[in-house]
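Please find below a colleague's note, arranged as numbered points for discussion at the bench.

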Amino acid sequence: MKVNFNKYFEIFKERDIFPSLISISNSKSTSVSILNGEVVEQKIADGFSISSDAIYQGKRGIFSTDHADKDTPLLMADKIIESARFGKEYKAEYFLQEKMKYHRLSINKNFVPATLKELRDCALKLYSEFKSLDPRITTCSIDISMTNIEQEKANSYGIKAKYKINAYLGSISFICKDKDDTRSGSCSFYSLKDLKDIEEKAHKEVHKALHEAIDFFYSKPIKSKRYKVIFSPESFSSLLSFYLPQLSALSMQKHLSCFEGKKGEQIASKALSIKVTPFEPSINSSLYDYSLVPTKEFDLIKNGVLQDYLYSLESANNEGVKPNGCGTSSGEGAVSFLTIRKGRSTLDQLFARVKNGLFITGISGLNSGIDEQTLQFSLPCQGYEIKDGKKDRAVSMIIVTGNLKDVMNNIVALADDVNEEMIGKTPSVLVKNVAISGQ
Amino acid sequence: MQFSKRLAIDVLNVALSTGGDYAEIYYQDKTSHKYVRRYRRVENISSTNIRGVGIRIIKGTQQSYASTSDLSRKNLLSLAESLSFAFEGERKLSVSSLKEKKFKKISPIKKAHDSMSDEEKVNYLKRGEDAAFNYSDKVKDFSGSLLEQDEHVEVFNSEGIYYQDDRVRTRIAALVIAEENGNFQSDFEGPGYTKGLELLDEIDYVEMVKKVAKNACDLLNAKESPSGEMPVIIGNGFGGVLFHEACGHPLEGSAISDKLSPFADKYGEAIASSVVTAIDDGTIANAWGSESVDDEGHEPTKNVLIKDGVLTSYMLDRFTANKMGENFHPTGACRRESYAYTPTTRMTNTYIANGTSKVEDIIASVKDGIYCTSFTGGQVDPSTDQFIFTSSLTYKIKNGKITELVKPVSLVGYGYDILKKITMVADDLALGPGICGASSGSVCVCVGQPTLLISSILVGGAGGNK
């Protein structure tokens with residue numbers, strides 16, 4: 001759907017709504033799901049959303065909907081006024097007022113679109129290749145989708161920006177059975193190029209996932225005690241994604257962050273350095289934040305020292321500092337993509353250094369097992385025992401427990417095996433003194 | 001009626017042009033209002049409206065689905081045509097007329113959402129805020145919210161029927177964060193029902209907030225919880241998240257019909273201890289997970305899944321029942337978050353039925369274990385049935401007596417294993433509302449159970465072996 005921003009701004013201004021920000025998103029996706037070699041579902045999704053964020057009589061009003069027709073500008077104006085009546089006090093400075101330069105990023109220049117039939121053929125081909133890898137695979141489902149998203153933002157000060165991304169997204173989940181034991185595995189992957197590229201990525205990820213699932217047949221827990229633990233890139237990034245919200249400047253200003261007043265201080269082990277890297281070509285690359293502030297690269301944590309908080313335009317204004325492009329609709333700061341500085345050791349060298357400990361390769365229960373306020377966690381996980389400096393038997397039905405602040409402080413070393421996860425690029429991380437519940 | 005019957009007939013006929021056995025149009029218009037008080041002020045009053053259509057075609061054991069918020073005739077006909085290309089074949093069915101099917105309303109509404117002003121609603125939340133901050137100076141923050149949902153649904157299908165339903169839901173919640181010497185703790189409670197603003201009269205919000213504040217403050221001094229395998233008492237109400245995660249999801253049609261569940265071939269077999277009877281009941285008036293009609297035109301049922309330990313039923317929708325064969329029928333639990341999601345079988349109000357034990361006898365029977373009285377949620381891998389759920393309020397039990405509060409713990413196990421380890425079930429059944437996320441999006445559900453004892457379960461605490 002096309003939207004004439006000026007029409008909205010005119011109507012808003014007539015109703016004394018100023019300034020305002022309008023965000024629209026148009027998405028189209030086609031997807032195919034197959035189960036055990038049979039197509040079970042084909043889907044076409046045509047998505048649209050429009051939201052506005054504005055000031056009416058000094059207070060903030062917000063509204064969003066998924067359709068735009070001739071009545072929508074008036075509807076939005078009414079809803080903004082309704083919302084602002086009891087909304088929080090809001091300042092015009094929370095809206096970007098001067099034009100800024102945005103980074104140029106072309107991550108999609110080689111994107112080749114596919115038809116529904118080509119998606120179907122790709123999924124079926126992946127199925128037959130995957131099924132032949134091991135006779136113990138009893139069930140396999142594959143989802144492949146092609147998505148096109150166009151996002152556009154404009155505010156009533158004439159600042160405008162647009163971002164478009166095309167991607168193929170895929171996921172494979174499977175069940176393996178060996179006599180009395182059942183294991184499941186899954187992996188997901190994406191491509192910003194073409195179906196051939198997503199096939200290659202699928203092969204790489206699915207081999208890894210299958211290998212792990214098979215390893216875990218008849219695996220048993222390990223004794224309950226504190227261990228030296230190496231977290232795989234996937235498991236460490238899962239934990240880190242719950243730690244970062246505490247670095248939001250707005251949380252700090254509301255005295256709800258355990259890192260309040262810690263800028264320039266040691267908040268993690270010296271081994272940990274995290275850089276915000278929004279321009280890394282990925283599905284999460286970003287050029288601007290919620291308020292149209294350009295994103296930028298910067299050090300977040302360097303050698304364990306907190307370099308800066310994550311600022312929105314609102315929280316930056318509250319402190320009289322420059323925003324760093326991390327704003328979200330709530331005013332909290334968030335990171336779109338980050339890079340953790342890798343270590344010099346290989347993963348095998350880290351195993352040797354640990355001597356006896358645990359390598360955690362998968363963590364689950366993230367939707368309920370971590371308290372984002374207290375950073376306490378208690379999560380089921382699986383992995384491998386490290387014995388005499390080598391990866392040994394598979395271990396499952398164990399729970400890793402602790403506080404994320406302690407995990408970050410207890411980092412001993414990082415490996416050089418960087419992997420791209422949803423949150424960014426991260427290597428395996430060695431942490432001492434981690435509580436494990438098992439036998 | 002908001003969607004034209006004439007247009008519905010035309011769209012259904014285009015969708016059926018390549019031999020579909022069934023086609024359906026789902027129209028949804030849903031408005032959500034949220035009032036939030038936080039940081040000692042109104043944080044926001046926000047509203048969202050979604051209005052769109054989902055078109056589904058079923059042919060044998062395959063289905064195709066399209067969704068859009070562009071409701072123009074041209075776009076809908078074009079989308080139906082594109083969707084029909086998912087299949088190859090000749091037309092088998094066509095639709096010439098649509099007749100309305102009426103359903104009994106199971107959740108009457110006494111006070112509509114517009115019967116109170118914004119000011120009154122904000123002041124209602126303010127009373128909770130005052131109660132939280134007056135409770136203790138350790139209370140650092142209070143977040144109180146009121147959620148109102150008004151949804152209108154119309155469904156038209158190739159069997160020549162259409163129906164409409166209005167769904168009104170209200171939820172009031174409180175989150176309190178306490179802090180002492182840099183140590184933060186929190187607690188939450190959020191009752192919700194398929195009813196209107198009468199909920200605000202029925203609940204003592206101030207008392208509820210005081211309880212939440214007390215729990216958050218008490219947790220500041222809680223010791224590390226024990227770990228390892230031990231007997232665990234699960235408290236009533238939201239403790240039912242255990243059954244929801246461990247057994248409810250693996251009994252849903254999609255997991256059963258695709259044989260992805262450990263219970264797939266266990267119909268008629270003993271899968272739980274004989275003290276366990278479990279039910280998915282979409283007929284409970286005004287319950288958070290109840291709807292007068294499901295998202296494909298079936299009335300809700302009281303579906304006894306497990307009777308005295310024996311698996312007696314599954315939860316099925318039209319598509320999954322088709323896949324299961326002629327002896328299986330939809331159970332009225334086909335649900336979706338919105339028109340953007342393909343509908344599938346989902347739980348409604350799922351609970352373990354009352355037993356005959358008394359809570360005090362259950363506590364007295366435990367020599368060394370824990371008692372979990374409040375939960376934040378959980379999740380399950382339906383293929384292996386491994387689950388986790390997190391207890392936010394946990395007490396140690398020594399020699400049959402509750403001793404001290406400990407920090408939150410996770411409980412991990414396999415559903416099929418835990419069902420056999422339930423040894424005592426009390427008579428204090430209660431339900432608790434939650435939001436369940438799965439393939440057809442996030443839907444409102446109730447979980448529930450009486451207090452019960454599991455003889456052994458893996459507990460994850462940082463306090464070392466008990």
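The points that follow take each chain in turn and then turn to a single residue.

1. The structure under review is a predicted model. The remarks below should be read with that origin in mind.

2. In secondary structure, chain A contains 9 helices and 18 strands. Its radius of gyration is 24 Å, close to the 22 Å expected from the globule rule for 439 residues, and chain A is therefore as compact as a globular protein of that length. The C-alpha trace of chain A extends over about 70 × 55 × 35 Å along its principal axes.

3. Of the 439 residues in chain A, 59% are buried. Among the contacts in chain A with a separation of 6 or more, 71% join residues 24 or more positions apart.

4. The accessible surface of chain A amounts to about 18500 Å², and carbon and sulfur atoms contribute 48% of that area. Chain A carries 59 positive and 54 negative side chains; the centres of these two sets are 4 Å apart.

5. Chain B has 10 helices and 23 strands. For its 466 residues the globule rule gives 23 Å; the radius of gyration of chain B, at 24 Å, is close to this value, so chain B is as compact as a globular protein of that length. Along the principal axes, the C-alpha trace of chain B covers about 70 × 55 × 35 Å.

6. Buried residues account for 62% of the 466 residues in chain B. Where contacts in chain B have a separation of 6 or more, 75% of them are between residues 24 or more positions apart.

7. For chain B the accessible surface is about 16600 Å², with 47% belonging to carbon and sulfur atoms. Chain B has 53 positive and 62 negative charges, and the mean positions of the two groups lie 1 Å apart.

8. At the level of single residues, A:Ala54 merits inspection in the viewer. This residue belongs to strand S2 of chain A, which covers residues 38-56. Is A:Ala54 buried or exposed? The relative accessible area of A:Ala54 is 0%, and A:Ala54 is buried because a value under 20% counts as such.

9. Which residues surround A:Ala54, apart from its neighbours within four places in sequence? A:Ala54 is in contact with A:Ile17, A:Pro19 and A:Ser20, with A:Lys59, A:Arg60 and A:Gly61, and with A:Ile80 and A:Phe95. In addition, the C-alpha atoms of A:Ala54 and A:Ile81 are 9.1 Å apart in space, while the two residues are 27 residues apart in sequence.

Key. Residues are numbered from 1 along each chain as its sequence is written. Chains are lettered from A and ligands numbered from 1 in the order in which they are written. This is a predicted model: local features need pLDDT of at least 70, side-chain atom pairs count only at pLDDT 80 or more; totals for chains, interfaces and linings use all residues. Side-chain values use heavy atoms; hydrogens and water are left out. Helices (H or I, at least four residues) and strands (E, at least two) are DSSP runs, numbered from the N terminus. The radius of gyration is taken over C-alpha atoms; the globule rule is 2.2 Å times the number of residues to the power 0.38. Buried means under 20% relative accessible area, exposed over 50%, partly exposed in between (1.4 Å probe, protein chains only). Contact means heavy atoms within 4.5 Å. Accessible areas come from the Shrake-Rupley method with a 1.4 Å probe; for residues, only the protein chains shown count as cover. Lys and Arg count as positive and Asp and Glu as negative; His and the chain ends are not counted. The place of a charge is taken as NZ of Lys, CZ of Arg, CG of Asp or CD of Glu.
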